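Colleague: I am new to this structure and would like a close look at its cysteines, with some words on what surrounds them in the chain. Please take me through it slowly.

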Amino acid sequence: MGSLFRSEEMALCQLFLQSEAAYACVSELGELGLVQFRDLNPDVNAFQRKFVNEVRRCDEMERKLRYLEKEIKKDGIPMLDTGESPEAPQPREMIDLEATFEKLENELREVNQNAEALKRNFLELTELKHILRKTQVFFDEEGGLNHTTESMTRALITDEVRTAGASMGPVQLGFVAGVILREKLPAFERMLWRACRGNVFLRQAMIESPLEDPTNGDQVYKSVFIIFFQGDQLKTRVKKICEGFRATLYPCPEAPADRREMAMGVMTRIEDLNTVLGQTQDHRHRVLVAAAKNLKNWFVKVRKIKAIYHTLNLFNLDVTQKCLIAECWVPLLDIETIQLALRRGTERSGSSVPPILNRMQTFENPPTYNRTNKFTKAFQALIDAYGVASYREMNPAPYTIITFPFLFAVMFGDLGHGAIMALFGLWMIRKEKGLAAQKTDNEIWNIFFAGRYIIFLMGAFSMYTGLIYNDIFSKSLNIFGSHWHLSYNKSTVWNNNFLQLSPATSDYEGTPYPFGLDPIWQVATSNKIVFQNAYKMKISIIFGVLHMIFGVIMSWHNHTYFRNRLSLIYEFIPQLVFLLVLFFYMVLLMFIKWNRYGATNTFPMTEACAPSILITFIDMVLFKTSKPPGKNCEVYMFWGQPFFQTVFVLIALACIPVMLLGKPIKIMQARKLANVQPITGGSSDAEVGGMSNGGGGGHHDEEEMSEIFIHQGIHTIEYVLGSVSHTASYLRLWALSLAHAQLAEVLWTMVLSLGLNKEGWLGGIFLTVVFAFWAVLTVGILVLMEGLSAFLHTLRLHWVEFQSKFYMGQGYAFAPFSFESIIENGSAVAGETE
């Protein structure tokens, strides 16, 4: 069977590469992305491997590139991304790249340091400018420095000094001026008052415009302060407090003329600094613009180099130290392509020794590799999220392409809502190249975009089921004209809420609507839900039973492929028979009932005599006889029904011991015949029983018989009870379809119909507002939330009810060494794919 339905056949190969050609060959294999290398040095520390120095050099180059990237993003410079992936550079080119990055980093760091020093100097001059302006205001308010000194002397002089009186000479006050962060000012003022015991005088004024912090570029708000004090002891104390609060002190002359002269010098220096700062920023911008043109390509090159050397660290050296030995998993169909890539790598390196690729025999389970394209990739991801398929196991993904959107559509059947979803998916498909190029970290958008084909198919299938249900935004389409004609007059219909449509009357033409439901059922408020419930409930069971039977048939493909004869005879056959004689028979009863009983049939085949399928099935399992629905009604729907039902139940009961004991007993007999002990590991019991061990076979030769019996018992109980619960689980198709239709009707009647009932130009405005509200609720609740709910329920039906019949999901994914995936994931470590 093709690789679409099963994983690719894999081969374990041994690769011999000459040391000079190893780098180029691994580079070619990385571009190809079809080889998964194994670590041949699992016990060797990462820091003791052969190419650890090269990996460290790549780490250092990445660090420098990340520094450049941060600076480029800080300035908002766009980085050129051509979308092309350059080839991995040769090892000798590493030196040129290192020199380039070293030069750029040093130049940028030097420019940044100079700019920071200039900005710090500019900040100091700006703060000094504000101090000179504000202190001048302080002194002018006090009427000059002398007057200030006298007044401050009177304010700060202590009682003891006053008592000394005559013995005290003239007192001169000192002062300090500086700036402090505005938020620290209240605490600073309290500390001064407490530490100096109120013997200082503080004046402060806010600097209106924010100042730039040269360290991090943040905008900060500061205030200017001036502190008057008396004596050297207070001066020392004040300076220590300023230092503790990280306040910056500046020299401030006492004479007004000196202050004016200093202010003029400060303004001149600020203008010069502005000029130098502008030139520095221009130089920095030119450096970053030049780096931005090549940054993406540099990242790709460095990550490729690092990935190659990381992969080479997985290899072994031979005794002569001239050859590298690797082991790798490769798809069997791609061996020739891989050999061509190795040949290209050898030619690029100039080596004369050709590489050697040998297939190895192994008993290990190979990795699972399913080829996908952009259409099947999303469906394969749904399956792999449950568990990666065992090697060569049947792959459910191709069948899921049809069954998944269809079962979703059964729950989401609405032509309008399906069209919204399909158009959204189609838009993403049409614009996929441009949208894929716009890489974003928004996880929700990435999930939607990755599942664009699923969304489109779910919407398209929902449009189809919406036509079947004849439901579009809770209304119906009257394309072919209704086949019902009411015989009541208009007043009777409008005033009587309990009138019901009856096909037994002349109101019904006798021929069904050509496609889907008749539009009259959408306005039949009395028995619409009763009619649709019976219809949707039965088709849910029918689809569910057919889906489960298909899953059991898939297990037959697994058993025959792996030649697992015991599982084929003692698991597949009784499981299929059990499902057919009970649940498929119930489905047949539904069709028989639909065919034989009708409103216009003759008695006792009229609708009133139709038996309940559920009651009939329960009585069948309990070997009971049902009571007829009415007087003179027949109990059974066809001749010989009690006999067939009894036989079917007995066959189903007989299948249980076959599933429970058949396989373990045959394994036990095979062990006795082969005289194999339970834990000796001789020839496989699978081979004795006529089957070969594989991804779907059982390795029973190393299991105790008690474990085999327990495992088989659990499997049998799970299948028998699961058949009942899984059948009932498909009723979610009916429940969610009903809920979706009712929610759509509620939105129509309680929201949009309010706007439609208004008339005049005010009604038009009101309708516009109501329609916008209705559209938001429709998209937000019915499309997004209901769509997500239906998606999750469909996922559960596939994972549990369908795949549990045949899918083991115990494999591990094929993770090849691929530059594309490494760059896409933003990692340069090839070993992470292991």
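Modeller: Let me begin with Cys-58, whose sulfur lies 19 Å from the closest cysteine sulfur, the one in Cys-25, and that is too far for a bond. Please keep in mind throughout that this is a predicted model. Cys-58 has a relative accessibility of 0% and therefore counts as buried, since the cut-off for that word is under 20%.

Cys-25 can be read in a similar way, because its sulfur is 11 Å from the closest cysteine sulfur, which belongs to Cys-323, and this too is too far for a bond. With a relative accessibility of 1%, Cys-25 also counts as buried.

A bond does appear elsewhere, for the structure holds 1 disulfide. The disulfide joins Cys-609 to Cys-633, with a distance of 1.9 Å from S to S, and the torsion about that S-S bond is about -60 degrees, so the disulfide is left-handed. Cys-609 lies in the loop between helix 19 (565–596) and helix 20 (613–621), while Cys-633 lies in the loop between helix 20 and helix 21 (641–674), so the pair ties together parts that are 24 residues apart in sequence. Both Cys-609 and Cys-633 are buried.

Helix 21 leads on to the aromatic rings, of which a search of the whole structure finds 42 pairs. One of these pairs is Phe-643 with Phe-644, whose ring centres are 5.7 Å apart and whose planes stand at 65 degrees, so the pair is edge-to-face. Phe-643 counts as exposed, at 57% relative accessibility, whereas Phe-644, with a relative accessible area of 35%, is partly exposed. Phe-644 also pairs with Phe-648, and because those ring centres are 6.3 Å apart with planes at 35 degrees, this pair is tilted. Phe-644 and Phe-648 are 4 residues apart in helix 21, which means that about one helical turn separates them. Phe-648, for its part, counts as partly exposed at 21% relative accessibility.

Returning to Cys-323, you may wish to know the strands around that position. Strand 10 covers residues 323–331 and runs antiparallel to strand 1 (residues 10–18), with 9 bridges joining the two. Strand 1 is also joined by 5 bridges to strand 11 (residues 356–360), and these two likewise run antiparallel. Leu-15 shows both pairings at one residue, since its bridge partner in strand 10 is Ala-326, and its bridge partner in strand 11 is Leu-357.

Some further aromatic residues round off the picture. One aromatic cluster is formed by Phe-5, Tyr-386, Tyr-399, Phe-550, Trp-799, Phe-802, Phe-806 and Tyr-807. In other places a charge sits over a ring: the charged end of Arg-452 is placed over the ring of Phe-449, 4.3 Å from its centre, and the charged end of Lys-536 is placed over the ring of Tyr-469, also 4.3 Å from its centre.

Note on methods:
Residues are numbered from 1 along each chain as its sequence is written. This is a predicted model: local features need pLDDT of at least 70, side-chain atom pairs count only at pLDDT 80 or more; totals for chains, interfaces and linings use all residues. Side-chain values use heavy atoms; hydrogens and water are left out. A disulfide is a pair of cysteine sulfur atoms within 2.5 Å. Buried means under 20% relative accessible area, exposed over 50%, partly exposed in between (1.4 Å probe, protein chains only). Two strands pair if DSSP finds at least two bridges between them. Rings of Phe, Tyr and Trp (its six-membered ring) pair if their centres lie within 6.5 Å; planes under 30 degrees apart count as stacked, over 60 as edge-to-face and the rest as tilted. A charge sits over a ring if NZ of Lys or CZ of Arg is within 6 Å of the ring centre and within 35 degrees of the ring normal.
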